Amino acid sequence: MVFTGMDGDSMEFGNQEQNIHVEVHVKSHSTAKLSEVRTHVLGLLNRHSMVFGNYRWAEFDEDFLQKHVEAVAIVDQEELVTQPLDLKSCSVSVHIFTLNEDGPSTLSLEEDEELSAANHWLLPAAEFHGIWESLVYDSRVKTQLLDYITTTIFFSDKKVDSNLISWNRVVLLHGPPGTGKTSLCKALAQKLSIRLSSRYSYGQFVEINSHSLFSKWFSESGKLVTKMFQKIQQLIDDKDALVFVLIDEVESLTAARSACQAGTEPSDAIRVVNSVLTQLDQIKRHSNVVILTTSNVTEKIDLAFVDRADIKQYIGPPSEKGIYNIYLSCLEELMKCQIIYPRQQLFTMFELETMGFAKSEVSEHSLNLRNIAVKSKGLSGRALRKLPFLAHALFVKTPMVTLERFLEAMDQAVDKQMEEKANLVNDV
């Protein structure tokens, strides 16, 4: 068993087989040395070496961990939930982090500029904590994106000649609105700032809003765009930092070029777009930068940009299984907060499948939730996360509610959401 910490040291306890990642969230007021935290976490893992898939400790059996650590979590083991995990037969990497409590700052280009160039966070950020876990996809989207960027850093560290083997450090997530593309970008940056903490001291996350950029700065040609990327370049120059640049709604690039070619925008507009593409080509040469982009309108994505993307990942609406998992996490949270009381067992979709969806007294609530999930197909991830709140606000209205009653309220809320969606479509 090999334990790897932030500084890259490892402690061998057995043969290396399955690679397991353990994230250690240290309390913000803690003054403990990382080596001390690591030693106590290794002791915890040795005492509790048999776990089941993803596992999280938030309460501890020793004073040091209670005082200094918020949580210890075995993460990203979606494929192993069907069988127990023996940590003593695994290679275990321990990632220790403290959340940055500061909110976003702004990257402004000029003192009198009303519109900031971008928002800027230091990672890992408290604001992004928990987003990764809240995003539910049916395929291995999250794991594949992690693997892609990890390989990007690995190839750079090994000084692979990018003229012989090409990669551009550009990720494009595309699909309909409300499917979590922007949230996934933020969560991915957060996850990697923790996962690669042995390689980089901290992360930087810069979010550029394309709509604001192009609607405001056409008349200024590409000068302000260049200034903005000079600011980003200053962040990249710190080689202890892993820098993520997010360009939301990147189809705005296409809109600008199309409008220019159609004669509805000044020729200055195309210079702005070309300037952005040129700047992206320049900063991708640095090993510590990743460019994340999103698009809601697939058919309008600029081909010049598509060519630059190494990963073009479609993010669609969740399936029935994905919806069930989203609702399950929401209900578990409401039971934890004792809004739904008393706590009652809800099965995972895997457990229901194993039972052959057989109806019984213990599975009744879970099967009702599955029926609600089936009815909810077509709703966006954003709408699904909002639905338990609407169920309570519109159909519960009491401080505490039973699970049975809350499921009835959710069923009513889904009907109302579908009715409103149909009305919107008819109005359009």
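Start with the lining of the second largest pocket in this predicted model. By class, that lining holds six nonpolar, ten polar and five charged residues. The pocket itself has a volume of about 370 Å³. To find its centre, select Gly178, Thr179, Gly180, Lys181 and Ser183, which are the closest to that point of the 21 residues that line the pocket. Next, colour α5 (181–195) and α14 (381–396), the elements that give two or more residues to the lining.

Now move to helix α7. Select residues 223–236, a run of 14 residues. From the first C-alpha to the last, α7 reaches 20 Å, close to the 20 Å expected at 1.5 Å a residue. Which residues of α7 are buried? Show the side chains of Leu224, Val225, Met228, Phe229, Ile232, Leu235 and Ile236; these are the buried ones. They lie on the same side of α7, because they cover an arc of only 145° around the axis. Turn to the other side of α7 and add Lys223 and Gln234, which are exposed.

The next stop is the aromatic rings. How many aromatic pairs are there? The count comes to six. Select Trp121 and Phe128 to see one of them. Their ring centres are 5.1 Å apart and their planes stand at 50°, so this pair is tilted. Planes under 30 degrees apart would count as stacked and those over 60 as edge-to-face, and the rest are tilted. Both rings belong to buried residues: Trp121 has a relative accessible area of 3%, and Phe128 has 2% relative accessibility. Add Phe205 to the selection, and you have a cluster of Trp121, Phe128 and Phe205 linked by ring pairs.

For another aromatic pair, select Phe155 and Trp167. Here the arrangement is edge-to-face, with 5.5 Å from centre to centre and 90° between the planes. Where does each partner sit in the chain? Phe155 is in helix α4 (residues 141–157), while Trp167 is in the loop between α4 and β11 (170–174), so the pair ties together parts that are twelve residues apart in sequence.

Is each partner buried or partly exposed? Phe155 is partly exposed, at 25% relative accessibility. Trp167, at 13%, counts as buried. The cut-off between the two classes explains this: buried means under 20% relative accessible area.

Terms used:
Residues are numbered from 1 along each chain as its sequence is written. This is a predicted model: local features need pLDDT of at least 70, side-chain atom pairs count only at pLDDT 80 or more; totals for chains, interfaces and linings use all residues. Side-chain values use heavy atoms; hydrogens and water are left out. Helices (H or I, at least four residues) and strands (E, at least two) are DSSP runs, numbered from the N terminus. The expected span of a helix is 1.5 Å times one less than its number of residues. Buried means under 20% relative accessible area, exposed over 50%, partly exposed in between (1.4 Å probe, protein chains only). The arc is that of the directions from the helix axis to the C-beta atoms. On a 1 Å grid over the protein atoms alone, a cavity is a set of points where a 1.4 Å probe fits but cannot get out, and a pocket is an open set with protein on both sides within 12 Å along at least five of seven lines; lining residues have an atom within 4 Å of a point. Grid points are joined across faces, edges and corners, and a volume is the space filled by probe spheres set on the points. Ala, Val, Leu, Ile, Met, Phe, Trp, Tyr, Cys and Pro count as nonpolar, Asp, Glu, Lys and Arg as charged, and the others, Gly among them, as polar. Rings of Phe, Tyr and Trp (its six-membered ring) pair if their centres lie within 6.5 Å; planes under 30 degrees apart count as stacked, over 60 as edge-to-face and the rest as tilted.
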